[in-house]
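Here is a short briefing on one protein model. Please look over the sequence and the structure, then read the points below.

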Amino acid sequence: MVAEAESIAVLTGAGISTASGIPDFRSAGGVYSSGNANVFDLNAFIRNPSIFYTFARSFYPQVRDAQPNAAHQALAEWQRRGKEVTVVTQNVDDYHQRAGSSPVYTVHGNHIHSTCLKCGDRVETETLLPLILAGEIPRCSCKGVYKPDITFFGEMLPEYDWDASVAAIHRADLVLVLGTSLSVYPAAGLPGYRRLGAKLAIVNRDPTPLDPEADCVIHGDLCSVMEQVSSLFSKDRH
Ligand SMILES: [Zn+2]
């Protein structure tokens, strides 16, 4: 299916990042289950930004130091071999971008930039890192607090990325769902925008609600599946 597709839209979720060692916030053992459900809540952030920034003190260095894995790299590699591959991700890390995929639409925002809640000043989060690691709340010169461009609960999804994702999925002849249980809406509804006749393939550790309507379902380790698909695809091309 990958070899035959002209245009591939890929929806990725936490499962592709956990393979790089980044915790899945929503599954057992993740942040939400350890009593920090307020970490990504906008009202909680406005009341007390230190809830998020205490978490960020370990999360940001973890994201910075981990690397894109074989699954991220496979998608970028297909693109280098001439496939049109649009990545739509629910993840807030930057591993698809670091692996070289483009475009990457981030439907839950990303941590790469932060914006002052008061005046809208936007900076690279990395420039705030020394302050955050020192246990301080990063503030703008206007005294407003910087919030990462991650979509918090209580916020609208980024409109541009959402619209571009819907368009890419509608244009694709193969929609590939990787490492997401398709349980978080509205992102879980994105594969529903595929056009009639487009193929749907799902690779995830656990079953998803869309498995019954998919043309191909693989429950397995994402990295090893993607490595195998890539090697089949390269044999096919040579
Ligand atoms: Zn400001």
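**Zinc site, salt bridges and domains**

This is a predicted model. C142 is partly exposed, with a relative accessibility of 25%. C142 is also one of the residues that coordinate the zinc ion. The briefing starts at that site, then turns to salt bridges, domains and one buried serine.

**Zinc site**

- Four side chains hold the zinc ion: C116, C119, C140 and C142, each through its SG atom, at 2.3 Å.
- The site is tetrahedral, and the angles among its 4 donor atoms run from 99 to 116 degrees.
- Along the chain, the donors are spaced as C-x2-C-x20-C-x1-C.
- C119 and C142 link distant parts of the chain, 23 residues apart. C119 sits in the loop between β4 (109–116) and β5 (122–124). C142 sits in the loop between α6 (129–133) and β6 (146–150).
- C119 has a relative accessible area of 48%. The range for partly exposed runs from 20% to 50%, so C119 counts as partly exposed.
- C142, at 25%, also counts as partly exposed.

**Salt bridges**

- The model has 9 salt bridges.
- E84 and R171 form one of them, with an N to O distance of 3.2 Å. This pair joins strand β2 (residues 84–89), which holds E84, to helix α7 (residues 159–171), which holds R171. The two residues are 87 apart in sequence.
- Both partners are partly exposed: E84 has 35% relative accessibility, and R171 has 43%.
- R98 and D94 form a salt bridge, N to O, at 3.2 Å. R98 is partly exposed at 36%. D94 has a relative accessible area of 16%, which is under the 20% cut-off, so D94 counts as buried.
- R194 and E213 meet in a salt bridge at 3.0 Å, N to O. R194 lies in the loop between β7 (174–178) and β8 (199–203), and E213 lies in the loop between β8 and β9 (216–218), so the pair ties together parts 19 residues apart in sequence.
- E213 is partly exposed, with a relative accessible area of 46%.
- A network of salt bridges links E77, R80 and R81.

**Domains**

- The protein is divided into two parts: domain 1 (1–21 + 68–108 + 157–238) and domain 2 (23–65 + 111–150).
- The centres of domain 1 and domain 2, taken over C-alpha atoms, are 27 Å apart.
- Domain 1 gives 11 residues to the contact, and domain 2 gives 11 residues.
- About 850 Å² is buried between domain 1 and domain 2. Carbon and sulfur atoms give 58% of that area.
- How many salt bridges are counted between domain 1 and domain 2? The count is 0.

**A buried serine**

- S101 lies in the loop between α5 (95–99) and β3 (104–106).
- Is S101 buried or exposed? S101 has 5% relative accessibility, which is under 20%, so S101 counts as buried.
- What does S101 contact, leaving aside its neighbours within four places in sequence? The contacts are L75, A76, Q79, V87 and H96.

Key: Residues numbered from 1 in each chain as written. Predicted model: local features only at pLDDT ≥ 70, side-chain atom pairs only at ≥ 80, totals over all residues. Heavy atoms only, no water. Donors = N, O, S within 2.8 Å, 3.2 Å for Na, K, Ca; no water. Tetrahedral: all angles 85-135°; square planar, octahedral: opposite > 155°, others 65-115°. Helix = DSSP H or I, 4+ residues; strand = E, 2+ residues; numbered from the N terminus. Buried < 20%, exposed > 50% of the residue type's maximum accessible area, 1.4 Å probe, protein only. Salt bridge = Lys/Arg side-chain N within 4 Å of Asp/Glu carboxyl O. Domains from an automatic or database assignment. Contact = heavy atoms within 4.5 Å. Buried area = accessible area lost by both parts, 1.4 Å probe.
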